[in-house]
Structure formats: structure tokens, C-alpha cells
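These are my notebook entries on helix packing and aromatic pairs. I wrote them while going through the structure.

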Amino acid sequence: MARTNNVTELIITGLFQDPEMVVIWPLKYGSIQIQFIVCFCYHTPKFLPPGGDIMANTHNVTEFIFLGLSSNPEVQKVCFVMFLLLYTAIVLGNFLIVLTVMSSRSLGSPMYFFLSYLSFVEICYASTTAPRLISDLLAERKAIPLWGCMSQVFFIHLFGGTEIFLLTVMAYDRYVAICKPLSYTTIMSRQACAFLVGAALVGGFVHSLAQILLIFRLPFCGPNVIDHYFCDVLPLLKLACSDTILIGLLIVANGGTLSVISFVVLLASYVVILLHLRTRSSAGRRKALSTCGAHFTVVTLFFGPCIFIYLRPSTTLSADKTVAVFYTVITPLLNPVIYSLRNAEVKKAVKRLWVRAMKLEER
């Protein structure tokens with residue numbers, strides 16, 4: 001009992017320190033959270049029923065079966081065509097932004113530098129779920145091996161976490177550009193931008209590693225049917241053969257708290273920007289609001305569903321699959337639409353790129 005109380009105190013301490021460390025010391029937060037998760041995973045087997053080898057229990061289930069979005073064959077055919085078109089648009093649209101930013105000298109500012117990396121991450125993020133979803137819509141048996149399921153969880157949270165940090169970095173870039181224009185080129189130098197992108201990737205890796213450490217050693221010895229179209233932490237917790245209440249709390253602390261804190265920081269940055277815009281001319285306000293409005297739209301569509309999914313106890317709802325479509329498919333699709341159609345410089349650069357491509361084809 002004493003050992004149980006010690007581990008419980010450790011978990012509660014971690015839950016309270018998690019948001020504090022994200023805000024005050026984000027780099028140290030990563031190492032502390034990994035140490036905390038590893039310590040928890042080390043103690044977890046001590047509370048399993050005696051006589052059971054956790055890794056042996058885990059491998060009783062070697063694959064999982066998805067129920068998918070619908071069991072109706074006609075609906076599946078319609079969804080196949082729809083999601084195939086959506087995924088194609090995601091890849092082509094975001095790749096066009098990456099190519100345009102890389103080939104256009106007029107899009108050399110930090111904002112477009114971050115936008116190109118965000119588009120690349122969106123392609124990777126959508127590719128972790130969409131191809132599997134599309135192929136499963138025509139399959140009678142939607143099976144995924146255990147290692148494939150764990151890999152999918154890791155990469156979903158790797159690119160999802162990286163996107164969260166990139167959106168936060170982009171909000172900081174807008175804050176500096178609008179509130180400190182004279183120091184903008186000094187603060188947002190090329191080296192600083194590269195460091196921020198690298199930090200976003202490291203932050204996503206830490207977040208993903210923490211998630212996978214929590215579920216990797218769970219015993220799966222019973223049913224293997226997942227009422228979803230991809231592997232995620234909450235549906236897997238539902239299938240585990242052990243008590244997952246504490247792990248569910250840690251997942252909320254890692255995923256839900258990260259989403260909420262990042263969203264609050266983003267909202268605070270927009271409030272500061274709006275207050276600062278009161279001193280600008282009407283033309284300057286319109287330009288700044290147009291840029292920030294596009295960014296805020298993407299932020300809301302991404303963070304809203306993430307907070308709904310991950311900031312609650314380890315339970316699954318029937319609406320989870322529909323909500324997941326928003327942050328795995330709709331948001332990556334809207335990224336190029338919002339940033340391209342609302343930005344005159346991007347549209348001009350795309351036209352110039354198209355003209356150059358046509359000239360090369362004529363030759």
C-alpha cells in the first residue's frame with residue numbers, strides 16, 4: 001500500500017507540474033515529462049495481477065480490427081471517392097505552397113518560411129491516417145497489426161504535436177511583426193526561424209514519445225475491435241486488460257493540457273495584437289487583421305476538436321470519429337485554401353510559378 005501511495009503522489013505531482021513547466025520552461029518540460037513517464041512505466045507492472053508477464057499478455061493480441069466510419073457498403077463507396085479526392089487535394093495543395101515558397105523570392109519573410117513547414121507537416125499528418133482510411137473503405141476486413149497500430153499512434157502525435165508548436169510559433173511571429181516592427185528582422189532572423197522550427201519538431205517528438213510510452217506496455221488480451229478508423233490512445237485504453245485510470249489522467253495531462261495551454265497562449269497573443277492595432281491606420285489594421293484572421297481560423301478548426309477529444313477522461317464517444325475527421329482531414333485541406341485565397345502575395349507567386357512552368361513546357 002505504501003508503494004501504491006508513493007506512485008499515486010508521483011502521478012498527482014506530475015499532473016500539477018505539467019502545465020506550469022509548459023509555460024515557464026518549455027525545453028526543460030520535455031526532459032522532465034519523459035523522466036516522469038518512464039518512472040511511471042517502470043512502476044506499472046508492479047500493480048498488475050501476480051503471475052502475469054506484461055509483454056506476454058500484450059502479444060496475445062497481434063492485430064486490431066477497425067470498424068471504420070460506416071458499415072454500409074454504399075456509404076463506404078461514397079466515402080472512398082470523397083476521401084480520395086480530399087486527400088489528393090491535401091497533398092497537391094500543401095505541396096504547391098511548399099514549392100511556391102521555395103521558388104519565390106517575394107515570399108522570403110519568416111511568415112512564409114513557417115507556412116511552408118506547416119504545409120509539409122500537414123501532408124505528413126494527413127498521410128498517417130488518410131491512405132489507411134481510403135484503402136479500408138474498400139476492404140471487407142479492416143485489420144492492422146499491433147506494431148502498425150503503435151507506429152500510427154506515434155506518427156499521429158509526432159506530426160500533430162509539431163503542428164501545435166508551429167501554430168504557436170506562427171502566432172509569435174505575427175506578434176513580433178505587428179507589435180515590434182522595428183526589431184522584427186533582428187528577432188526573427190533566419191537562424192532564429194530555423195531554431196523555432198527545430199524546437200517545434202523536438203516538442204512534437206517529446207509529446208509523441210510520452211504518449212507511446214504510456215500505451216506501449218499495456219496488456220491487450222481481450223477484444224481487438226476498435227470503433228474508429230485509425231489507432232489512437234483513447235480507443236486503445238478501452239481495449240486494455242488492466243486498470244487504465246491513471247494512464248488516462250496522464251494522457252489528459254500530456255495531450256489535453258498541451259492543447260489547452262497552447263490555445264490560451266495563442267488567444268492571448270491575438271488579444272495583444274488587437275489592442276496594439278488600435279494605434280494603426282485603417283489600411284494597416286485591415287492587412288494585419290486579414291493575416292491574423294486566416295491564422296486564427298486554422299487554429300480554431302484544429303484546436304477545437306483536439307481539446308474535445310483529449311481534454312476529458314479516458315472514455316470514447318460515438319461522435320469521436322466525426323470530430324477526428326476535422327483535425328485529420330479537414331484542417332490539412334483548409335490550410336492551403338485559407339492561406340492562398342486570402343493572401344494576395346501567395347496568389348501572385350502561384351501565378352508566376354504557373355507561368356514559368358508553362359514556358360518550360362513549351363520549350
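Before counting elements, I note that helices and strands here are DSSP runs, with at least four residues for a helix (H or I) and at least two for a strand (E), numbered from the N terminus. The model is predicted, and on that basis I find 14 helices and 3 strands in the protein.

**Entry 1, overall.** I looked up burial for the chain as a whole and found that buried residues make up 49% of the 363 residues in the protein. I then turned to contacts with a separation of 6 or more, where residues 24 or more positions apart account for 81%.

**Entry 2, helix α7.** I took α7, residues 146-179, and checked its length: its 34 residues should span 50 Å at 1.5 Å a residue, and the end C-alpha atoms are 49 Å apart, which agrees. Of those 34 residues 27 are buried, so I record α7 as largely enclosed by the rest of the structure.

**Entry 3, helix α5.** I repeated the check on α5, residues 110-127, whose 18 residues reach 26 Å from first C-alpha to last, close to the 26 Å expected at 1.5 Å a residue. Here 15 of the 18 residues are buried, so α5 is also largely enclosed by the rest of the structure.

**Entry 4, α5 against α7.** How are two packed helices described? By the angle between their axes and the distance between the axes. For α5 and α7 I read an angle of about 165 degrees, with the axes 10 Å apart. That makes α5 roughly antiparallel to α7, since angles over 145 degrees count as such. I also noted that α5 passes α7 in a left-handed crossing. Among the residues that meet, I listed Phe114, Leu118, Val121 and Tyr125 from α5, and Phe159, Glu163, Leu166 and Arg174 from α7.

**Entry 5, α7 against α11.** I next looked at helix α11, residues 245-276, which packs with α7 at an angle of about 15 degrees, the axes again lying 10 Å apart. Angles under 35 degrees count as roughly parallel, and α7 and α11 are therefore roughly parallel to each other. Their crossing is left-handed. The α7 residues at this contact include Ile164, Phe165, Ala171 and Tyr175, and those of α11 include Leu258, Val265, Tyr270 and His276. I noticed that Leu167 and Arg174 of α7 are listed at the contact with α11 and also at the contact with α5.

**Entry 6, aromatic rings.** I counted 11 aromatic pairs in the structure. In one of them, the rings of Phe154 and Phe155 have centres 5.3 Å apart and planes at 80 degrees, so the pair is edge-to-face. Phe154 is buried, with a relative accessible area of 17%, whereas Phe155 at 37% relative accessibility counts as partly exposed. Phe154 has a further partner in Phe205: the ring centres lie 6.0 Å apart and the planes stand at 80 degrees, so this pair is edge-to-face as well. It links distant parts of the chain, as Phe154 sits in α7 and Phe205 in helix α9, residues 190-216, and the two are 51 residues apart. I record Phe205 as partly exposed, at 39% relative accessibility.

**Entry 7, a cluster.** Which residues join Tyr125 in one aromatic cluster? I found Phe263, Phe302 and Phe303 there with Tyr125, a residue that I had already listed in α5 where that helix meets α7.

Key
Residues are numbered from 1 along each chain as its sequence is written. This is a predicted model: local features need pLDDT of at least 70, side-chain atom pairs count only at pLDDT 80 or more; totals for chains, interfaces and linings use all residues. Side-chain values use heavy atoms; hydrogens and water are left out. Rings of Phe, Tyr and Trp (its six-membered ring) pair if their centres lie within 6.5 Å; planes under 30 degrees apart count as stacked, over 60 as edge-to-face and the rest as tilted. Buried means under 20% relative accessible area, exposed over 50%, partly exposed in between (1.4 Å probe, protein chains only). The expected span of a helix is 1.5 Å times one less than its number of residues. Axes are lines fitted to C-alpha atoms, for helices over the stretch in contact, and angles run from 0 to 180 degrees between N-to-C directions. Angles under 35 degrees count as roughly parallel, over 145 as roughly antiparallel, 65 to 115 as roughly perpendicular and the rest as oblique. A crossing is left-handed if the near helix is turned anticlockwise from the far one by less than a right angle, and right-handed if clockwise. Contact means heavy atoms within 4.5 Å.
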